[in-house]
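User: I would like to go through this model and ask, term by term, what the words used to describe it rest on.

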Amino acid sequence: MKTVTLSRLNAFKHAQEPFSCLTAYDASFAQHADAAGIDVLLVGDSLGMVLQGHASTLAVTLDDILYHTRCVARGKQRSLLMVDLPFMSNADTGQLLRDAGALMRAGAELVKIEGAGWMHDDVRALTRRGVPVCAHLGLTPQSVHQFGGYKVQGREQDDAQRIIDDARLLVEAGASVILLECVPAALGRAVRDAVDVPVIGIGAGPEVDGQILVMHDVIGVTHGRPPRFAKNFLAGRDSIQAAFDAYRDAVKTRQFPAEEHCF
Ligand SMILES: Nc1nc(=O)c2c([nH]1)NC[C@@H]1CN(c3ccc(C(=O)N[C@@H](CCC(=O)O)C(=O)O)cc3)CN21
Ligand SMILES: CC(C)C(=O)C(=O)O
Ligand SMILES: [Mg+2]
């Protein structure tokens, strides 16, 4: 199977063919997700919650992310490897560039950064130096204490408009992908239509270009209550491979997300 590149994700957007993404934290699961035809693997800072047992992603360090990136990079073959910049990597531009450099050397092909329109200079600094960027908007879990919990974002008209404007601004600054988390489905569609780069959604409704979920939610081993937008694809199936295959198929055929997974 062909290697997944950014231009392939763009082609999916323009062909209106949804693509699938999944978090991965080690070589074995990465290999299974890759074999299932998952297009993008994310070494997410969600590892602080699903692997380490924290209540948020804030405790995750650059070294934690580097370790898991190296593990996943060894397991995957064709999927595009996206990696989260951890909390406070963007304390200043020097730190951001050094952290992103370390992630790229560990095997990242695209780095994801949480924030909003204010980070356009950071996005520009990275992209000018050859680091492709995914800008994560909407519910950005590194800001959980500012939000006061993991809450749906962009419900009010002005908040929704700000998210659309931020997406446009960050694409102008060089972002190659937008990731939109936990927003009303109508806002997912509006962002998809507002920018000419792929928009990946998680809890952002069916009308975005790609879908992503946390692997532990997909196989039903999350400790605590999984988010409303998640689905256990291992239920009624007999292997991890079958669950990953079913997730990919459900995204490709637009059976996932269904009404009950949307806001
Ligand atoms: N297992 C897991 N799945 C995830 O999707 C995930 C993580 N962990 N850790 C990092 C972030 C945190 N995320 C979360 C966590 C909880 C909700 C949640 O419970 N949201 C409420 C919405 C409440 C409202 O209506 O405002 C929900 O009911 O889904 C959402 C995103 C997404 N990410
Ligand atoms: C929830 C996804 C998008 C993420 O950022 C993560 O897994 O860390
Ligand atoms: Mg993350």
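Analyst: The turns below take up burial, the annotated positions, the barrel and the ligand shells, for what is a predicted model.

User: Why is Asp84 called buried?

Analyst: The word requires 20 or more other C-beta atoms within 10 Å of the residue's own, and Asp84 has 30 of them within that distance, so Asp84 is buried. Asp84 belongs to strand S3, residues 80-84, and, leaving out residues up to four places away in sequence, Asp84 touches Leu42, Val43, Gly44, Asp45, Ile65 and Lys112.

User: How do you know whether Lys112 is buried or exposed?

Analyst: The same cut-off of 20 or more applies, and because Lys112 has 22 other C-beta atoms within 10 Å, Lys112 counts as buried. Lys112 is part of strand S4, residues 110-114, and its contacts beyond four places in sequence are Leu42, Met82, Val83, Asp84, Leu85, Cys134, His136 and Leu179.

User: What makes Glu114 buried?

Analyst: Glu114 has 25 other C-beta atoms within 10 Å where 20 or more are required, and therefore Glu114 is buried. Glu114 also lies in strand S4, and, with neighbours within four places in sequence set aside, Glu114 is in contact with His136, Thr140 and Gln142.

User: Why can the positions Asp45, Ser46, Asp84 and Lys112 be said to gather at one spot?

Analyst: UniProt, in an unreviewed entry, places the feature "binding site" at these four positions, Asp45, Ser46, Asp84 and Lys112. They span 68 residues in sequence, but no two of their C-alpha atoms are more than 12.6 Å apart, which is why they are said to gather at one spot. The UniProt annotation "binding site", again from an unreviewed entry, also covers Asp45, Asp84 and Glu114; these are spread over 70 residues of sequence and yet cluster in space, with a largest C-alpha distance of 10.9 Å.

User: How do you know that strands S1 and S8 pair?

Analyst: Pairing asks for at least two bridges between the strands, and 4 bridges join S1 (residues 19-23) to S8 (residues 210-213), so the two count as paired, and they run parallel. Within this pair, Cys21 stands opposite Ile212 in S8. The closed barrel has 8 strands, in the order S1-S2-S3-S4-S5-S6-S7-S8, with parallel pairing. Neighbouring strands of this sheet are turned by 25° against each other on average, direction ignored.

User: What makes a residue part of the shell around ligand 2, and which residues are these?

Analyst: The residue's C-beta atom, placed from the backbone, has to lie within 6 Å of the ligand, and the residues around ligand 2 are Thr23, Leu42, Gly44, Asp45, Ser46, Asp84, Leu179, Glu181, Ile202, Ile212 and Val214. By class, this shell has 5 nonpolar, 3 polar and 3 charged residues.

User: How is the shell around ligand 1 made up by class, and which residues come nearest?

Analyst: The shell around ligand 1 divides into 12 nonpolar, 4 polar and 3 charged residues. Of the 19 residues around ligand 1, those that come nearest are Ser46, Tyr150, Val214, Pro227 and Arg228. Helix H3 (47-50) and helix H10 (215-218) each supply at least two residues of this shell.

Definitions and conventions
Residues numbered from 1 in each chain as written. Chains lettered and ligands numbered in written order. Predicted model: local features only at pLDDT ≥ 70, side-chain atom pairs only at ≥ 80, totals over all residues. Nonpolar A, V, L, I, M, F, W, Y, C, P; charged D, E, K, R; others polar. Axes fitted to C-alpha atoms, helices over the stretch in contact; angles between N-to-C directions. UniProt positions renumbered as here; feature names shortened; annotations may be inferred. Buried ≥ 20, exposed ≤ 12 C-beta atoms within 10 Å, placed from the backbone. Contact = placed C-beta atoms within 7 Å.
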